[in-house]
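Trainee: Could you take me through one part of this structure closely, and then show me how the surroundings of other parts can be read in the same careful way?

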Amino acid sequence: MSNERTFRILIIHLNEGRGEVVSFGECDRMGGGSGLAAALYDAYGLHHEKAHHPDQPLIFAIGPLTGYFPLMSKVVCGFKSPYHDQYAESHAGGRMALALRFAGFDAIVIRGRAAAPSCIVVGSHRLQVDDVHHLWGVNVFTTGKLLRKMYSGHSGHRSILRIGPAGENGIAFGSINVDTCRHFGRLGAGSVMGGKNLKAIVLQGDETIALPEGKTYAKLFRAIYEDVTSTPQMRKYHDLGTPENLLPLNERKSLPWRNLQQTSDPGIEGISGERFAEELLLRQTACAGCPVGCIHMGMLRERFGDEHEYQYRQVSYDYEPIFAMGSMLGVTRAGEVLALLDEVERVGMDVMSTGVSLAWATEALEKGIIGPDETLASLAFGKTAAYIEAIHHLGGACNDFYRLLGQGTLVAAKHYGGEDYACVLGQEMAGYATGEVFFVAQSLGFRHSHLDTGGYSYDLKHDDKDLEKAVRFLIEDERDRCLLNSMVSCLFARGVYKTELLAEALASIGYKKLAGDLEGLAARVQEARWQQRLKTGFDPSAIKIPKRFKEVVTSKGSIDAAYLNALREAYAKEIVALAGGVPTPAKADVS
Ligand code: SF4
């Protein structure tokens with residue numbers, strides 16, 4: 001994209017097995033990433049058709065700085081989510097962003113449904129849609145191994161995306177595995193691939209890009225590189241990584257335990273970041289283009305064959321996955337958490353939705369709302385073997401109960417009862433029981449993600465209950481992140497890539513006009529994303545926060561239900577205003 005002012009997009013028509021390259025939009029208006037994905041969905045999306053309509057687009061977009069600066073390593077996936085049937089975004093790292101850049105595209109849009117289970121292969125001068133029916137039903141690990149053999153070559157800038165059985169079976173939180181240890185995890189992009197009969201995507205970044213001549217770019221690159229490799233903030237992500245937060249959040253009574261029945265527990269000693277590092281950490285690795293390396297790989301030791309034979313597997317871990325498979329399920333041994341993470345990976349599901357939905361199922365079983373005929377496995381907090389069994393049942397949608405649970409915890413709770421203790425904030429909660437601002441932020445946030453805004457850290461830093469200030473924070477913090485998400489930077493670098501530095505970086509590679517309009521860009525991207533949500537049926541005023549969240553006690557005390565409700569209402573109004581008007585009721589698209 002670098003020197004053109006339109007985006008270069010590859011549109012793939014899966015049903016016809018062909019593609020076309022189009023010039024699209026204006027780089028100076030939408031930047032890339034989130035802004036580009038929203039603009040593409042507006043142009044190609046079927047706003048009022050179901051998520052699984054074959055012509056719904058599956059979009060992958062990078063940004064103008066991808067390939068030019070460190071930590072510009074993420075890809076934005078835009079799609080209509082099978083979880084809530086509205087427009088959604090999911091972000092992932094790995095090698096995909098650089099592979100797309102070196103293949104010469106700003107985005108790929110996949111439309112239609114293949115006649116047989118397929119793998120798309122994309123290079124700068126290559127597009128194939130191969131029949132891979134022999135991979136259908138095969139788990140994520142074996143699929144990856146076979147794909148690496150089938151499509152060897154360009155391994156440096158090659159990226160491999162694949163889904164597991166969960167995506168094939170329409171689980172609403174089926175994920176896309178990217179290069180083994182990164183994911184488009186939340187809100188079901190993997191099931192969109194499954195609905196398209198698309199098992200895998202292989203991207204071959206087989207071209208080079210010309211770097212700007214002169215000293216300005218090289219000097220700026222060096223300065224940014226120094227910054228991201230020397231600041232303590234970034235070193236923290238490399239050392240213990242995000243699991244460093246487990247102990248302090250447990251201490252602050254903000255770590256959800258056993259379906260959020262507690263917010264702190266002495267069992268934390270067994271699953272702290274320090275425990276993982278001491279007992280299981282093998283190495284750190286990184287997304288392509290990142291010198292930080294925050295991806296922590298743990299060693300899982302498994303017995304097989306006779307009593308004295310073992311195999312070793314590498315499993316990535318982070319704060320949120322440890323919350324989901326550890327504290328939320330009452331599992332207090334680090335090695336067992338790794339074993340659960342490995343199983344979720346194999347089946348191909350979002351780890352947070354999996355953990356939170358199984359935590360609800362455990363409490364529902366304890367309370368007698370469901371029985372063993374439903375759960376099949378003897379679910380009980382802390383019982384790892386039962387959860388391993390349940391993960392397979394869930395990913396395989398093996399009975400009516402798991403089929404419903406696989407559409408989201410609230411869907412199952414509406415059917416069986418137990419909505420009060422379904423830990424759902426727009427989607428299954430992330431691991432932050434910090435207070436009112438986070439609960440509202442995730443419930444109403446654009447991606448229902450802990451990364452939409454820093455709501456959890458706002459809770460930890462503020463004791464006041466200033467409604468106006470909190471809503472202003474949510475709007476402004478989201479807008480700042482929209483800017484980074486349009487570049488598309490890793491959000492861990494948000495302390496480094498301030499607006500002025502982004503402007504300098506853009507100007508150094510030729511985007512002078514965009515560099516002078518970053519506040520305008522952030523506002524346009526924020527508005528465009530919310531417009532897509534509301535056009536696809538999101539009504540923020542209809543979101544409810546389950547009773548369990550109002551029963552939470554943190555180190556600041558009990559949740560203030562009146563403040564929570566007032567905040568929810570005020571933020572909902574601001575979101576509607578941001579999108580430019582009232583949500584439109586869902587109706588059929590008129591062709
Ligand atoms: S800090 Fe971590 S997630 Fe971010 S780009 Fe680097 S390795 Fe990837």
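**A close look at Ser357**

Mentor: Ser357 lies in helix H13, and, as this is a predicted model, what follows describes the model's coordinates. Ser357 counts as buried because 32 other C-beta atoms lie within 10 Å of its own, where 20 or more are needed for that label. If we leave aside the neighbours within four places in sequence, Ser357 is in contact with Leu405, Thr409 and Glu428. Gly31, by contrast, is 326 residues from Ser357 along the chain, and the C-alpha atoms of the two are separated by 37 Å.

Helix H13, which spans residues 351–366, also appears among the packing partners of another helix, H15. Helix H15 covers residues 384–395, and its 12 residues reach 17 Å from the first C-alpha to the last, close to the 16 Å expected at 1.5 Å a residue. The buried residues of H15 are Tyr387, Ala390, Ile391, His393, Leu394 and Gly395. Besides H13, the buried residues of H15 pack against helix H5 (165–168), helix H12 (334–347), helix H14 (372–375) and helix H16 (400–405). Just after H15, Ala397 takes a positive phi of about 45 degrees.

Positive phi values also occur in loops. Asn259, which is not a glycine, has a positive phi of about 60 degrees, and its place is in the loop between helix H9 (246–251) and helix H10 (273–279). Although Asn259 is in a loop, it counts as buried because it has 26 C-beta neighbours inside 10 Å. His448 can be read in the same manner: it is not a glycine, yet it has a positive phi of about 50 degrees, and it is found in the loop between helix H18 (436–444) and helix H19 (455–461). His448 is buried as well, since 24 other C-beta atoms lie within 10 Å. A further loop, between helix H20 (467–485) and helix H21 (499–508), holds Val488, and here the peptide bond from Met487 to Val488 is cis, with omega near 5 degrees.

Turning from helices and loops to strands, we can look at S7, which runs over residues 118–123 and has 5 of its 6 residues buried, so that it is largely enclosed by the rest of the structure. On one hand, S7 is joined by 6 bridges to strand S8 (residues 126–131), and the two run antiparallel. S7 and S8 form a hairpin with 2 residues between them, and within this pairing the bridge partner of Val122 is Leu127 in S8. On the other hand, S7 pairs in the parallel sense with strand S12 (residues 198–204), over 5 bridges, and there Ile120 has Ile201 as its bridge partner.

The last place to visit is the ligand, which is surrounded by 13 residues, the closest being Gly93, Cys287, Cys290, Cys294 and Cys490. Sorted by type, the residues of this shell comprise 10 nonpolar, 3 polar and no charged ones. Domain 1 (7–204) and domain 2 (243–394) both give residues to the shell, and the ligand therefore lies between them.

Terms used. Residues are numbered from 1 along each chain as its sequence is written. This is a predicted model: local features need pLDDT of at least 70, side-chain atom pairs count only at pLDDT 80 or more; totals for chains, interfaces and linings use all residues. A residue is buried if 20 or more other C-beta atoms lie within 10 Å of its own, exposed if 12 or fewer, and partly exposed in between; C-beta atoms are placed from the backbone. Helices (H or I, at least four residues) and strands (E, at least two) are DSSP runs, numbered from the N terminus. Two strands pair if DSSP finds at least two bridges between them. The expected span of a helix is 1.5 Å times one less than its number of residues. Two residues are in contact if their C-beta atoms, placed from the backbone, lie within 7 Å. A residue is near a molecule or strand if its C-beta atom, placed from the backbone, lies within 6 Å of it. Ala, Val, Leu, Ile, Met, Phe, Trp, Tyr, Cys and Pro count as nonpolar, Asp, Glu, Lys and Arg as charged, and the others, Gly among them, as polar. Domain bounds come from an automatic or database domain assignment.
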